[in-house]
Amino acid sequence: GKTPAHLVSGHLQKIKDELDAIRNQLVADLIDNALDFHYQAIYDNESREIIGYESLSRFVIDQRIELALPIIQMLEESGKISQLDFKSIEYAGMTLKRLNEQGVNTDNISIFVNISSNTIISEEAEKFVRAAQKHHWPIKNIVLEITERQVINNPRIVKTLQALRAYGFRIGLDDFSIGHASLSLLTKFKFDKVKLDRDLLSEKDKDFVRIKSFTYLIERLKGYDVTLVAEGIETEFQSQFIRKLDVKLVQGYFFHRPQRIK
């Protein structure tokens, strides 16, 4: 005869619970044992002094650095991305402490940490604060970065960002591009830093469309009270091009490759 529906349902639920437990254990192992952080310096474009570092997640599995993106996507899909985000914030405080112990004046050094919109939507602002203060470091030295496409049509995210700002975090907007919707976003929230979409940056002096687009974007943004960051700079041409445009901060392999701060 047939197995009663409630027994089938119970059996399926048991399997689901077991799979969830395996996934939770896998995520815990990844975060606790495989996660590492590399930091890429961000420079003042004029003085060439380091003003901060971007925190970049790395996963070391079997002594090999794995591509971070597929793992981050898996964490997003399984609803576990906040664990990575809070660990990134916690390590930002630890890294600032390390730099300070090495004799670096960290008063004006910031660590830029990428945060998922899922974390901002689902977690309380107080959890961000607890992660930041774990190593007794001023919250003002941490810039929480969120991508433009994540924020653009989500008033709830803007509300949480306002709460985080009230606690003292700086807020950065990543991958900023051309468009009316993008610019209107800057009127809804006062971002401290705006990172320009690296895909708009031309690779050579004959790339007239990108040169024109990037120049136009900078000119439009000069009317807003934001600090601009040009990232993805890899060549002498790009460095000179950005310098002429009077962009405040720069980042890229041309200046510094991501590395551990021990």
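**View 1. The residues around the largest pocket come from every class.** In this predicted model, the lining of the largest pocket divides into 13 nonpolar, 13 polar and 14 charged residues. The space inside the largest pocket comes to about 1,200 Å³. Of its 40 lining residues, the closest to the centre are Glu54, Leu56, Leu69, Ile72 and Asn114, so these five are good names to look for if you want to find your way to the middle of the view.

**View 2. Strands and helices share the wall of the largest pocket.** Which elements each supply at least two residues of this lining? Among the strands, they are strand 2 (50-61), strand 3 (64-66), strand 5 (142-147) and strand 6 (170-176). Among the helices, they are helix 2 (68-77), helix 3 (81-101) and helix 6 (148-151).

**View 3. The second largest pocket has a lining with five charged residues.** Here the volume is about 170 Å³. Arg198, Asp199, Leu201, Glu203, Arg210, Gly232, Glu234, Thr235 and Gln238 form the lining of the second largest pocket. Besides its five charged residues, this lining has three polar residues and one nonpolar residue.

**View 4. Strand 4 pairs with strand 2 and with strand 5.** Is strand 4 mostly covered or mostly open? Strand 4, residues 110-114, is mostly covered, with four of its five residues buried. Strand 2 runs parallel to strand 4, and three bridges join the two. To spot this pairing, find Tyr53, which stands opposite Ile111 of strand 4. Strand 5 is also paired with strand 4 in the parallel sense, this time over four bridges. A helpful marker for that pairing is Val113, which stands opposite Leu144 of strand 5. As background for reading such a view, side chains in a regular strand alternate between the two faces of the sheet.

**View 5. Thr106 is a buried residue in a loop.** Follow the chain out of helix 3 and you will meet Thr106 in the loop that lies between helix 3 and strand 4. Why does Thr106 count as buried? Its relative accessibility is 3%, and buried means under 20%, so Thr106 falls in that class.

**View 6. Thr106 has several neighbours from elsewhere in the sequence.** Leaving aside residues up to four places away in sequence, Thr106 touches Leu96, Leu99, Asn100, Trp137 and Asn141. With one of these, Asn100, there is also a polar contact: the side chains of Thr106 and Asn100 are joined at 3.1 Å.

Definitions and conventions. Residues numbered from 1 in each chain as written. Predicted model: local features only at pLDDT ≥ 70, side-chain atom pairs only at ≥ 80, totals over all residues. Heavy atoms only, no water. 1 Å grid on protein atoms, 1.4 Å probe; cavity = no way out; pocket = protein on both sides within 12 Å on 5 of 7 lines; lining within 4 Å. Points joined across faces, edges and corners; volume = space filled by probe spheres on them. Nonpolar A, V, L, I, M, F, W, Y, C, P; charged D, E, K, R; others polar. Buried < 20%, exposed > 50% of the residue type's maximum accessible area, 1.4 Å probe, protein only. Pairing = 2+ DSSP bridges. Polar contact = N/O pair within 3.5 Å; in protein donor to acceptor, adjacent residues only side chain to side chain. Contact = heavy atoms within 4.5 Å.
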